[in-house]
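Q: I would like a close look at one part of this structure, explained slowly enough for someone in a first year of study. Please keep to one place to begin with, and then connect that place to its surroundings.

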Amino acid sequence: MPVATHCVETAAKAFGLGRDESLKLSLATEEIFSYLSSNVCRGESVDIRCVNGLSYVRVEFRFSVSALDMGALNIAASVTCDNDDDMPEMGLAIASRTIDRLNIMAERQNRVCLAIEKDKDYPSVPETPLPPAVVKGLLTAETPDTEGVKIYVTRVNQGPPDPLRPPFFQYPGKVADMVAAGDCQIVTAVDARGECAGGVLFRFRTARIVEVFGPHVFCPAREGEIADMLLTACIARIARTKAIGIVNLTGMPLSVRGQYELLGSLKYSGDDGKSFVRSWYYRLLHEDPGYLVFTDAILKEYLEGEFKRLFLAREIRDVHDQGEIKEVASIFSTEMLREGSTAVLSPLWPGADLDDNVKRHLRFLKDEAINNIFFNLDLGIYWHASLMRVLIDNNCRPALIIPFGAQADMLIFQYDRTEP
Amino acid sequence: MTEPNLDLLVPAYVREFEPYIPSKPDPELQRLYGCDRLYRLNNNENPLGPPPGAQEVIRGFHPPRGAVYPSGDSYYLRREIAVRHGIDPDQIVVGNGANEVIAFVIKAFCGPGDNIITADKTFAVYEWVAVFSGIEARVVPLKEERFDDREMLQRIDNATKVIFLCNPNNPTGTYWSRDTLKAVLDEVGGRQIVVVDEAYFEYVEADDYPDGISLIKDYPNLVVFRTFSKMYGIAGLRIGYLAGDIKVVDMIRRTCVVYSVNGLAQEAALACLRDETGHIRRTRELVREGKAFLCAEMSAMGLPVIVGEGNYLIVKLKGSDTLAYRKLMHEGIMIRPMTGFRYPNHIRVTLAKMDAMEAFVAALKKILA
């Protein structure tokens, strides 16, 4: 234990994290290491790796886990389904409180990666505003240098406020580090004198889906031209990558909305208690080869309607529980995003306790004051369909489908906080 | 059973490469999209099929010959091609489609740290093969829809081994004239291999369009690709070839796996070359008619087109090309969305028979209404 915590604390400081942040990361490491050693992989080795993400430090715990102990990987493992019981404290939950993000992923060969991240502190956008952009003549789309990145981010912040804009846009230095680390890319439109007329930021949201912010246009008189140029340049950069689709949740000018398809909307609750609706726009980058997807009968009509609306070619196959033997404990991967008060759950392993496990997670996340709870189901994995009815019974509703967002399409359920 | 550790076994440039997903077979697509017929306007196939002589070869293939290995180096076909171009048969390598000869060239000339140069909006396979072979692909933006000769020359450095030119370019139909090509070859001066992919050679009627093979004697660093998949209509048999200087081809041949070209394809290709029924003329007439019709219809619909040589043209839409693909598929029309060619909001349409052209226009009007 001392080796693990000292290693993480030292690495975190060396990677530029402040003293307090390094300590919090070290504390989270202590909790996780202790929990894994006593509950998940007793007597087995745990590989710990510290990664310098430039704008954050990431600690990865990799280990093998036997089927018997897998249930302990649920972040809500020790939470009871009974609301009257006190929730016992446990390692993963405590750890999740001191860091910014926690994620559990299944890897090859029965290996599991549990990752935690702590962000660096950055100064926010300078209070002295930049003078308005005066753009003349022909524009070109180019990849900005560090200074160009900071000017772009600063100008985005000088525009109208947007509650949907991610907080990292408030920190130009952070975005510069994100670009340097390869966590995102930016394309800006500049004139011959180098004046920035607009920009677009994009990053991989999942292995195959790219999230696009913008295009942000700083020269309203030429909005259509600039937005189109930036979106075209953005797509050109990702057209021959692993990306199969792009989503846009914020900052899209009206002039390019016709280039996207509306997937649907999710309702979010902010830290201030105010709620807002976020529309998800999507664009497929490839031909749709057609797919087989699985559903519980309860959602067949919904899926048929959505696939018809989106012109997606899908063969929808019903999945029925016919009494086959199941593992005892199911596992959900949890992505906790403290910033934004959001948790995204994805089923990793099927089990006979799906209903109880969903209830445990919902109770745990509500107790953690997580406002926005989502379940991502992969419609290409047959047993995910057995969660559909369970989720609906637990006040979750199917909100939208991201084509090719997973192995096949991803169906996002949103937990309805207005439940009785 | 222990699974292999693919993270350790597979090079990162292979792991990170996203494999191309080919279309499903037509019956599967028709079932999924709910259409009872499908016009294939996505792959620039020749709707007339192969010339009559090649059709006869295919019909007459004697089944027991399926047990016999083909000529491992396409012996008779290389001799026929050589005679027609006045070159030595050993200046030719035949491959399982032109795609295979692209891989031959990159394997022969490129090693770790090397790079190739091509355009950003062109046939993707040059770039793909380089990337999944661990070779840097430098893609130069087209200039006014054509390969930018000056910029491509600028991007050459000591690690540049091959320059790929698609002439005429798929998908824009633009081409380098004989003078432009020779000027570039003069400037390169033998320091790099220059590949000219002439997959659509037989479609070009412009006077200043160069016959790359005729330039090989003056430029031994020039390698020319041709295919039987487009004009000659035997895409399903997979056969194409490259031609180059005898010493250059001798190096390329070292990277080939012999016997990759089946015997039926070799015989059908021979028959294609010997066609005297006017197959090329008929196909060109069909393309001219389709091109004029589509240009007029697209103009009437207010949709800009990019059109040049070849049996295809590009239409610029106001919205997403991939959405248009899905909508058109539901109408029984398969086109090529151009996002993968870095042309978002554009579709490429194969010029085909008039019933297909009319069906495409009707479907496009319907989905844009």
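How much area do domain 1 of chain B and domain 2 of chain B bury between them, and what share of it is on carbon and sulfur atoms?

A: This is a predicted model, and in it domain 1 of chain B and domain 2 of chain B bury about 2800 Å² between them, with 59% of that area on carbon and sulfur atoms. On the side of domain 1 of chain B, the residues that lose the most area to domain 2 of chain B are P50(B), E309(B) and R342(B), which together make up 25% of what that side buries. To see where these two parts sit in the sequence, it helps to know that the domain assignment gives domain 1 of chain B as 6–50 + 278–368 and domain 2 of chain B as 52–273. Taken over C-alpha atoms, the centres of the two domains are separated by 23 Å, and the contact between them involves 30 residues of domain 1 of chain B and 35 residues of domain 2 of chain B.

The polar side of this interface can be described next. Two salt bridges are counted between domain 1 of chain B and domain 2 of chain B, and 15 residue pairs are found in polar contact across the interface. Several elements of chain B each supply at least two residues to the side of domain 1 that touches domain 2, namely helix 2 (12–15), helix 12 (279–300), strand 9 (305–307) and strand 10 (312–316). Helix 12 of chain B gives the largest share of that side, with seven residues. A salt bridge is also found between the side chains of E205(B) and R288(B), with a distance of 2.7 Å from N to O.

A single residue, N44(B), gives a closer view of chain B. N44(B) is placed in the loop between strand 1 (39–40) and helix 4 (52–59) of chain B, and N44(B) counts as buried because its relative accessibility is 0%. The side chain of N44(B) makes a polar contact of 2.9 Å with the side chain of Y200(B). When residues up to four places away in sequence are left aside, N44(B) touches N170(B), Y200(B), K230(B), N311(B), Y312(B), R348(B) and T350(B).

From here the view can widen to the contact with the other chain. Chain A and chain B bury about 2900 Å² between them, 49% of it on carbon and sulfur atoms, and the contact takes 28 residues from chain A and 39 residues from chain B. In chain A, the residues that lose the most area to chain B are R240(A), E287(A) and F311(A), which together account for 28% of what that side buries. Between the two chains, five salt bridges are counted, and there are 17 residue pairs in polar contact. R240(A) also takes part in a salt bridge, in which its side chain meets that of E127(B) at 2.5 Å from N to O. On the side of chain A that touches chain B, two or more residues come from each of helix 6 (223–238), strand 11 (275–284) and strand 13 (314–318) of chain A, and the largest share, three residues, comes from helix 6 of chain A.

Chain A has an internal interface of its own. Chain A is divided into domain 1 (1–121), domain 2 (140–259) and domain 3 (284–420), and the C-alpha centres of domain 2 and domain 3 of chain A lie 30 Å apart. These two domains of chain A bury about 880 Å² between them, 62% of it on carbon and sulfur atoms. R208(A), I209(A) and I244(A) supply 50% of the area that domain 2 of chain A buries against domain 3 of chain A, more than any other three residues. Zero salt bridges are counted between domain 2 and domain 3 of chain A, while four residue pairs are found in polar contact across their interface. Helix 6 and strand 9 (245–250) of chain A each supply at least two residues to the side of domain 2 that touches domain 3, and strand 9 gives the most, with three residues.

A last point concerns the cysteines. A search of the whole structure finds zero disulfides over all chains. For C234(A), the closest cysteine sulfur is that of C184(A), and the two sulfurs do not form a bond because they are 11 Å apart, which is too far. C234(A) counts as buried because its relative accessibility is 0%, and C396(A) likewise counts as buried, at 4% relative accessibility.

Key
Residues are numbered from 1 along each chain as its sequence is written. Chains are lettered from A and ligands numbered from 1 in the order in which they are written. This is a predicted model: local features need pLDDT of at least 70, side-chain atom pairs count only at pLDDT 80 or more; totals for chains, interfaces and linings use all residues. Side-chain values use heavy atoms; hydrogens and water are left out. A disulfide is a pair of cysteine sulfur atoms within 2.5 Å. Buried means under 20% relative accessible area, exposed over 50%, partly exposed in between (1.4 Å probe, protein chains only). Domain bounds come from an automatic or database domain assignment. Contact means heavy atoms within 4.5 Å. Buried area is the accessible area (1.4 Å probe) that two parts lose on being put together, summed over both. A salt bridge is a side-chain nitrogen of Lys or Arg within 4 Å of a carboxyl oxygen of Asp or Glu. A polar contact is a pair of N or O atoms within 3.5 Å; within protein, one must be able to donate a hydrogen and the other to accept it, and residues adjacent in sequence count only if both atoms are side-chain atoms. Helices (H or I, at least four residues) and strands (E, at least two) are DSSP runs, numbered from the N terminus.
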